[in-house]
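Biologist: Please put the model on the screen. I would like to go through it piece by piece.

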Amino acid sequence: MGLAIKGKKVIGLVLNGKKILGLATNGKVIWRFVIASNPWQFNVDSDVASVAVDSSGNVYAGTSSKSVYKLDSSGKQVWKFAADSTVWSVAVDSSGNVYAGTYGHSVYKLNTSGNQVWKFAADNTVYSVAVDSSDNVYAGTSSKSVYKLDSSGKQVWKFAADSTVWSVAVDSSGNVYAGTSSRSVYKLDSSGKQVWKFAADNTVYSVAVDSSDNVYAGTYGIIFAGHSVYKLNTSGNQVWKFAADSTVDSVAVDSSGNVYAGTYGHSVYKLNTSGNQVWKFAADNTVHSVAVDSSGNVYAGTDSYSVYKLTPDGSNTAT
């Protein structure tokens, strides 16, 4: 084990040649969990496509090696579930049940022990899943669909969007938000009827919604433009727009209205309610997914098989 110290601050902790803890400017790593393949398998292609966190600080990660992981609040593995294909999205309900959307056209519900409760067959790749307070489940697919499923995994309705649905989110009233390849953000009511549609600057890879029903969207980036985070009001009008360093693959929002964005430029941003940068954390690779807990801790999943936990403001001592 190696320990690097500068003054009174621990700036690096290495175990068996692997960096497991480090200090980054304005965003400090509390822990970093590296998802490793079994030693007898030649399968190191295990990027983290999605992360979610529950009210107890347990973290869930979906990977390209067909896995759903549950980690405890210390970053220790609790269980691992084998899905049918790449797990593009994970979500968790208030009881700790987990939902996963896969490249194999599936939506899974898993119980708190990681056992399958049901499996729904969608029309194509499921890029995003979300769950509401009544355990209804929402899924967006590459065949332009948004599904609503009941708590038993039965289809309630299906909405046809304009193109691939990359991300879905749901508010406390059951309104659903969807981001698509055709630069659109949709708001649907609880019956699956379109309320409004917002035109963004590029493909919308991620959507999130806060407790006041403001909507946040992250978009695909080209060289000089289009890598944006939008805030929209409840009517679908733009409040502000932030330019990130690259494609914004994921957005999340906390209870105070602070916004978090993960990018292809290896970054995690924290923005305040006005859309101004609070801090920027440099991860080890593309950040495909971000999530935030009730204490403002931030979780990020990357292409280098990592799940990070960051402090709310980068000033707390690592634990």
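What follows is a set of questions and answers on this predicted model.

Biologist: How many helices and strands does the protein chain have?
Modeller: Strands make up the list here, and they number 31. The count of helices in the protein chain is zero.

Biologist: What share of the residues counts as buried?
Modeller: The protein chain has 319 residues. Its accessible surface comes to about 13,300 Å², with 45% of that belonging to carbon and sulfur atoms. The share of residues that count as buried is 59%.

Biologist: What average pLDDT does the protein chain have, and which stretches stay under 50?
Modeller: The average is 87, and 83% of the residues score at least 70. One stretch under 50 has eight contacts beyond four places in sequence, and it covers residues 36–45. Another has ten contacts beyond near neighbours in sequence; its pLDDT is below 50 over residues 314–319.

Biologist: Which strands stand at the edges of the sheet with the order 5-6-7-8?
Modeller: This is an open sheet of four strands, with antiparallel pairing. Neighbouring strands are turned by 15° against each other on average, direction ignored. An edge strand has a single partner, so one side of it is left without a neighbour in the sheet. That applies to strand 5 (48–53) and strand 8 (77–82).

Biologist: Which residue in strand 8 is the bridge partner of V68?
Modeller: Strand 7 spans residues 67–71, so V68 falls within it by numbering, and strand 7 pairs with strand 8 in the antiparallel sense over five bridges. The partner of V68 in strand 8 is F81.

Biologist: Where are the edges of the sheet 9-10-11-12?
Modeller: Four strands form this open sheet, and the pairing is antiparallel. The twist averages 15° from one strand to the next. Each edge strand has a single partner strand, so one of its sides lacks a neighbour in the sheet. The edges are strand 9 (87–92) and strand 12 (116–121).

Biologist: Which residue of strand 10 stands opposite V90?
Modeller: Strand 9 and strand 10 (residues 98–102) pair in the antiparallel sense. Five bridges join them. Opposite V90, in strand 10, stands A100.

Biologist: How many residues of strand 21 are buried?
Modeller: Strand 21 runs over residues 204–209 and is mostly covered. The buried count is six of its six residues.

Biologist: Which residue in the turn between strand 21 and strand 22 has a positive phi?
Modeller: The two strands pair in the antiparallel sense over five bridges. A208 has Y216 in strand 22 as its bridge partner. The strands form a hairpin with five residues between them. The phi of about 70° belongs to D213.

Biologist: Is T164 buried or exposed?
Modeller: T164 lies in the loop between strand 16 (155–160) and strand 17 (165–170). The cut-off for buried is under 20% relative accessible area. T164 has 16% relative accessibility, so it counts as buried.

Biologist: Which backbone oxygen does the side chain of T164 reach?
Modeller: Leaving out residues up to four places away in sequence, T164 touches Y127, T141, S142, K144, G179, T180 and S181. The side chain of T164 reaches a backbone oxygen at 3.4 Å, and that oxygen belongs to S142.

Conventions. Residues numbered from 1 in each chain as written. Predicted model: local features only at pLDDT ≥ 70, side-chain atom pairs only at ≥ 80, totals over all residues. Heavy atoms only, no water. Buried < 20%, exposed > 50% of the residue type's maximum accessible area, 1.4 Å probe, protein only. Areas by Shrake-Rupley, 256 points an atom, 1.4 Å probe, with all protein chains shown as cover. Polar contact = N/O pair within 3.5 Å; in protein donor to acceptor, adjacent residues only side chain to side chain. Contact = heavy atoms within 4.5 Å. Pairing = 2+ DSSP bridges. Axes fitted to C-alpha atoms, helices over the stretch in contact; angles between N-to-C directions. pLDDT = per-residue confidence, 0-100.
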